[in-house]
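Reader: I work at the bench and would like to learn how to read a model like this one. Could you walk me through it?

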Amino acid sequence: MKAQDRSGWPAGLRWAVLIALSLLVAGALDLAGIPAALLLGPMAAGVLLAMRGQAVRIARPVFFLAQGAVGVMIAGNLPLSLFPEISARWPLFLLSTLSTLAMAAGLGWLLARSSLLPGTTAIWGSSPGAATAMTLMSESYGADMRLVAFMQYLRVACCAGLAAVMARIFGAPVGAHGGAVNAGLEAFLSPAFAATLAIVAGGSLLGVKAKVPAGAMLVPMVLGIALKLTGMVQLAMPMPFLALSYAVIGWGIGNRFTPEVVSYAARAFPRVLASILALIALCGGTAAVLVHVAGVDPLTAYLATSPGGADSVSIIATATKVDVPFVIAMQVARFFLVILTGPMLARLLSRKHSETGPA
């Protein structure tokens with residue numbers, strides 16, 4: 001009887017329902033043009049089952065391997081032209097990125113002072129970009145990963161929707177293509193995929209054993225970037241493998257949602273949404289500065305400074321007539337800065353919050 005709960009659902013039935021719901025929701029989100037559908041669909045399915053007390057446990061080693069796959073995917077999607085683009089215009093990138101980070105940190109601190117969200121959750125959830133990375137890292141620093149995921153992906157959805165609207169306003173048609181990962185069977189049989197798996201497995205194990213915060217994702221990502229830059233390894237990430245990795249992460253996060261957590265998130269929704277919209281508006285101001293000071297065209301500036309996910313913004317950018325290298329370089333520069341400074345900012349701002357007390 002251990003495999004059943006109060007409703008009498010056996011483990012096999014839970015898995016069948018979870019997989020079916022994940023496919024259904026992910027497919028609906030993808031048709032609607034929602035970014036990160038492969039992650040959000042399984043996450044939503046996990047939440048629905050957890051709300052009914054039917055959560056499916058994900059083995060920790062499997063969860064760690066899925067994080068490693070996401071880290072290597074990020075490394076594989078970085079264009080080699082990225083670093084020359086950043087080095088050529090580094091003052092512009094640095095000032096724009098720091099301003100976005102400062103605005104997000106300030107809004108996160110104000111949200112934390114409301115005492116509506118526990119601990120450093122508001123600060124991690126307000127980090128501008130690197131949604132999956134910040135969600136995974138937050139748990140290592142004492143934040144509630146479930147509420148961080150709620151804040152991060154609500155912002156990603158808002159930013160992606162507004163970015164698509166802006167692209168249409170400026171007369172640029174938006175396609176749904178991404179084209180960054182291989183889908184064919186030959187990709188699974190290639191030496192490049194074998195090398196990628198070795199980096200995923202070895203890097204994840206090293207990150208966990210070394211007790212690096214979010215090391216299961218960050219160590220494989222760093223290894224992947226280093227090997228890609230040296231030309232020693234060609235990274236291959238077949239779509240089914242990536243989809244499974246996203247699903248495992250989505251299930252791992254979604255299964256942690258209890259009725260109490262969902263109730264918490266519902267109470268926080270108005271203020272969280274207001275904070276997201278305020279950050280988008282402030283980033284729009286930064287984009288206006290880029291237009292007038294650096295001569296960047298308006299749509300390029302808006303996409304480059306959008307605080308949504310770098311993956312969804314990049315997909316929109318590649319389907320429109322903008323300066324794609326500039327947009328991707330700005331998004332990735334902020335991604336790395338957020339990852340590097342996130343823990344430090346969370347500690348600093350949470351200490352200030354504890355000193356000043358709730359508003």
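Author: We will go from the whole chain to helix pairs, then to the core and a few single residues. Please keep in mind that this is a predicted model.

Reader: Happy to start with the whole chain. How many helices and strands does the secondary structure come to?

Author: The chain has 16 helices and zero strands. Buried residues make up 50% of its 359 residues. Among contacts with a separation of 6 or more, 77% join residues 24 or more positions apart.

Reader: Now the helix pairs. What describes two packed helices?

Author: Two numbers do the work: the angle between the axes and the distance between the axes. Let us begin with helix 1 (residues 11–31) and helix 2 (residues 37–51), which pack at about 135° with their axes 7 Å apart.

Reader: Why are helix 1 and helix 2 called oblique to each other?

Author: An angle over 145 degrees would count as roughly antiparallel, and 65 to 115 as roughly perpendicular. The angle of about 135° falls in neither range, so helix 1 and helix 2 are oblique to each other. Helix 1 passes helix 2 in a right-handed crossing. On the helix 1 side the contact includes R14, L18, L21, V25 and D30, and on the helix 2 side it includes A37, L40, P42, A45 and L49. By class, the residues of this contact divide into 13 nonpolar, three polar and two charged.

Reader: Let me try another pair. At what angle do helix 10 and helix 11 pack?

Author: Helix 10 (residues 191–209) and helix 11 (residues 215–230) pack at about 130°, and their axes are 7 Å apart. They are therefore oblique to each other, and their crossing is right-handed. Helix 10 contributes I199, V200, G203, S204, L206, G207 and V208, while helix 11 contributes G215, A216, V219, P220, L223, G224 and L227. That contact has nine nonpolar, five polar and no charged residues.

Reader: And which residues of helix 13 and helix 14 meet?

Author: First the geometry: the axes of helix 13 (residues 259–294) and helix 14 (residues 298–305) come within 8 Å and cross at roughly 135°. Helix 13 and helix 14 are therefore oblique to each other, with a right-handed crossing. I280, C283, T286, A287, L290 and V291 of helix 13 meet P298, A301, Y302 and T305 of helix 14. Here the classes are eight nonpolar, two polar and no charged residues.

Reader: That makes sense. Which residues have the most contacts inside the largest nonpolar core?

Author: They are L117, Y153, I249, V272, L303 and I339, in a core of 95 residues. Helix 16 (residues 324–356) gives the largest share of this core, with 15 residues. A second, separate core has six residues, L18, V56, A247 and W251 among them. Back in the largest core, I249 touches L39, F63, A66, Q67, V70 and L136, leaving out residues up to four places away in sequence.

Reader: Could we look at burial in one helix? How many residues of helix 7 are buried?

Author: Eight of the ten are buried, so helix 7 is largely enclosed by the rest of the structure. The buried ones are A131, T132, A133, M134, T135, L136, M137 and S138. After helix 7 comes G142, whose phi is positive, near 85°.

Reader: Let me zoom in on S138. Is S138 buried or exposed?

Author: S138 sits in helix 7 (residues 131–140). Buried means under 20% relative accessible area, and S138 counts as buried because its value is 0%. Beyond four places in sequence, S138 touches W124, A143, M145 and V148.

Reader: What about T121: which residues is T121 in contact with?

Author: T121 belongs to helix 6 (residues 121–125) and is buried, with a relative accessible area of 0%. Leaving aside neighbours within four places in sequence, T121 contacts A143, D144, L147, V148 and M151. A143 and V148 also appear among the residues that S138 touches.

Reader: To finish, is P61 buried or exposed?

Author: P61, in helix 3 (residues 60–76), counts as exposed because its relative accessibility is 56%. P61 and V208 are 147 residues apart in sequence, and their C-alpha atoms are 9.6 Å apart in space.

Conventions
Residues numbered from 1 in each chain as written. Predicted model: local features only at pLDDT ≥ 70, side-chain atom pairs only at ≥ 80, totals over all residues. Heavy atoms only, no water. Helix = DSSP H or I, 4+ residues; strand = E, 2+ residues; numbered from the N terminus. Buried < 20%, exposed > 50% of the residue type's maximum accessible area, 1.4 Å probe, protein only. Contact = heavy atoms within 4.5 Å. Core = buried A, V, L, I, M, F, W, Y, C linked by side-chain atoms within 4.5 Å. Axes fitted to C-alpha atoms, helices over the stretch in contact; angles between N-to-C directions. Parallel < 35°, antiparallel > 145°, perpendicular 65-115°, else oblique. Left-handed = near helix turned anticlockwise from the far one by under 90°. Nonpolar A, V, L, I, M, F, W, Y, C, P; charged D, E, K, R; others polar.
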